[in-house]
Amino acid sequence: MIGQRSLPSSRRAVVSMTSWFLGVAILASPALGQRAKTNEDEAKVPAYTLPDPLVLSGGERVRDAATWNAKRRPEIVALFETQMYGKAPGRPDGMTFVVTKVVKDALGGKATRKEVSVLFTGKPDGPRMDLLVYVPNQAKGPFPAFVGLNFDGNHGVDPDPRIPLARGWVQNNPRAKITDHKATEESRGSESSRWALERVIDRGFAVATAYYGDIDPDFDDGFQNGVHALFSDPGKDHRSADAWGSVAAWAWGLRRAMDYLETDPSINGKRVAVMGHSRLGKAAIWAGAQDTRFAVVISNDSGEGGAALSRRKFGETTRVINTAFPHWFCGNYKQYMDREDEMPFDQHMLVALVAPRPVLICSAAEDLWADPKGEFLAGKGADPVYRLLGTEGLGVRDMPGTNVLVWSRIGYHIRPGKHDVTNTDWDAFMDFAERHTTR
Ligand code: GTR
């Protein structure tokens with residue numbers, strides 16, 4: 001089939017849509033303990049009409065790439081900036097990069113690991129983000145790379161005791177054995193199953209990652225800490241309704257990581273894929289939507305506020321996400337709670353902002369909270385834009401079964417299992433990135 005590649009039969013399980021939905025409904029229900037009860041019944045998805053990405057706000061149809069680039073794309077960027085994620089500042093003038101350490105025998109000798117401090121104000125004691133950059137030792141670069149933020153701290157992606165522990169606030173969580181918001185020796189490697197470092201290095205990619213809390217600690221403190229505080233105007237005692245939230249700050253951090261990667265001679269700056277999981281998938285897709293330096297954009301289980309259509313009201317909703325995480329989006333976004341039909345945009349338009357660059361949307365079959373079908377349909381909704389720009393868009397009409405990589409310019413993959421990042425996901429990321437950045 002065009003734009004679709006079947007994986008080996010051991011990794012492939014093709015099921016009909018009906019049995020797929022029955023299967024995931026049964027598997028997913030016990031996992032949702034403390035979450036708000038939301039719709040997970042396909043039959044209860046309301047009828048909805050998506051805004052047309054190819055109609056200008058004045059009603060005129062977009063008929064060519066020039067009008068898309070000059071008029072419609074900027075209109076859509078402004079909608080997401082003012083109505084959803086909030087407006088972020090640009091690259092700080094005084095920002096500098098300092099390579100603080102180079103370890104040549106990382107990952108059992110397979111990689112060189114650099115520790116790079118991104119000093120947002122150029123001051124070593126000012127706010128900063130610490131990047132870990134793994135570069136393959138087996139060949140000569142420059143290498144294509146993946147860049148993404150991590151949840152637990154850099155020391156969580158790899159158990160190597162030489163990696164500095166995260167400095168500031170970290171999320172309490174049993175997986176990392178954290179109970180008082182401080183990283184501990186025991187938390188080393190807590191997230192390593194989500195960072196298939198050796199697997200990625202073996203295939204000739206570099207990987208760069210930073211801790212999302214270096215950019216903005218993930219709790220609602222009225223934007224007193226993180227990079228929001230760095231840019232806030234001390235004379236102003238209120239935030240505007242389109243001021244940036246945390247997702248926009250994390251996306252901003254990914255763009256600052258890209259600023260560094262462009263300067264690193266071991267990295268091919270034209271072949272950097274931005275990827276992220278869940279809330280950090282929302283950040284990755286927003287970063288990739290705005291910043292055309294990212295050659296490939298990968299969303300993993302990003303769900304509501306990421307790749308999933310809000311109008312479907314399946315799994316997490318705008319009300320639920322804005323209530324649980326009031327700091328993630330801008331003030332204006334709150335007006336759409338239970339009023340998704342009034343949004344002048346939906347997430348297919350976020351995907352469309354990546355066009356014509358390759359975008360891969362990855363879901364997990366049991367992750368109904370993130371609405372896999374809504375994620376697929378956002379890709380489908382972006383298809384007319386990709387086609388207008390002369391690419392094949394999404395190569396399939398219907399949602400594929402599990403473990404089938406749709407590798408057209410808008411790519412899609414769904415694996416069996418829960419909300420997570422697994423080796424299977426990384427294989428899909430790499431297959432997709434390889435296909436789109438080597439030709
Ligand atoms: C959930 C949230 C999701 C997703 C997830 C995560 O609680 O409802 O939107 O972001 O967290 O980031 O793990």
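In this predicted model, Lys334 is placed in the loop that runs between α9 (318-324) and α10 (347-354). Because its relative accessibility is 24%, and buried residues are those under 20%, Lys334 counts as partly exposed. The C-alpha atom of Lys334 is separated by 20 Å from that of Gln224, a residue 110 positions away along the chain.

A second loop residue, Ser187, is found between α3 (154-157) and α4 (197-202). Ser187 counts as buried because its relative accessibility is 0%. The side chain of Ser187 is joined to the side chain of His155 by a polar contact of 3.1 Å.

Helix α11 spans residues 372-388 and therefore contains 17 residues. From its first C-alpha to its last, α11 reaches 26 Å, which is close to the 24 Å expected at 1.5 Å a residue. The helix is nevertheless not straight throughout, since a bend of about 35° is found at Ala382, with a proline, Pro384, following within four residues. With regard to its surroundings, α11 is mostly covered, as twelve of its 17 residues are buried. Ala382, at the bend, is one of these buried residues. Also buried are Pro372, Gly374, Glu375, Phe376, Leu377, Ala378, Gly379 and Gly381, together with Asp383, Val385 and Tyr386. In an α-helix, with 3.6 residues a turn, residues three or four places apart point the same way. Just after α11, Gly390 takes a positive phi of about 85°.

The ligand is surrounded by Ser278, Arg279, Lys282, Glu316, Ile321, Phe325, Trp328, Trp369 and His419. When the residues of this shell are divided by character, four are nonpolar, two are polar and three are charged. Among the residues around the ligand, Ser278, Lys282 and Glu316 can be described through individual atom distances. A polar side-chain atom of Glu316 lies 2.5 Å from an oxygen atom of the ligand, while for Ser278 the corresponding distance from a polar side-chain atom to a ligand oxygen is 2.7 Å, and for Lys282 this distance is 2.9 Å. Taken alone, the ligand exposes 320 Å², and 84% of that area is buried by the protein.

How values were computed. Residues numbered from 1 in each chain as written. Predicted model: local features only at pLDDT ≥ 70, side-chain atom pairs only at ≥ 80, totals over all residues. Heavy atoms only, no water. Helix = DSSP H or I, 4+ residues; strand = E, 2+ residues; numbered from the N terminus. Expected span 1.5 Å × (residues − 1). Bend = angle between axes of the 7 residues up to and from the residue. Buried < 20%, exposed > 50% of the residue type's maximum accessible area, 1.4 Å probe, protein only. Near = heavy atom within 4 Å. Polar contact = N/O pair within 3.5 Å; in protein donor to acceptor, adjacent residues only side chain to side chain. Areas by Shrake-Rupley, 256 points an atom, 1.4 Å probe, with all protein chains shown as cover. Nonpolar A, V, L, I, M, F, W, Y, C, P; charged D, E, K, R; others polar.
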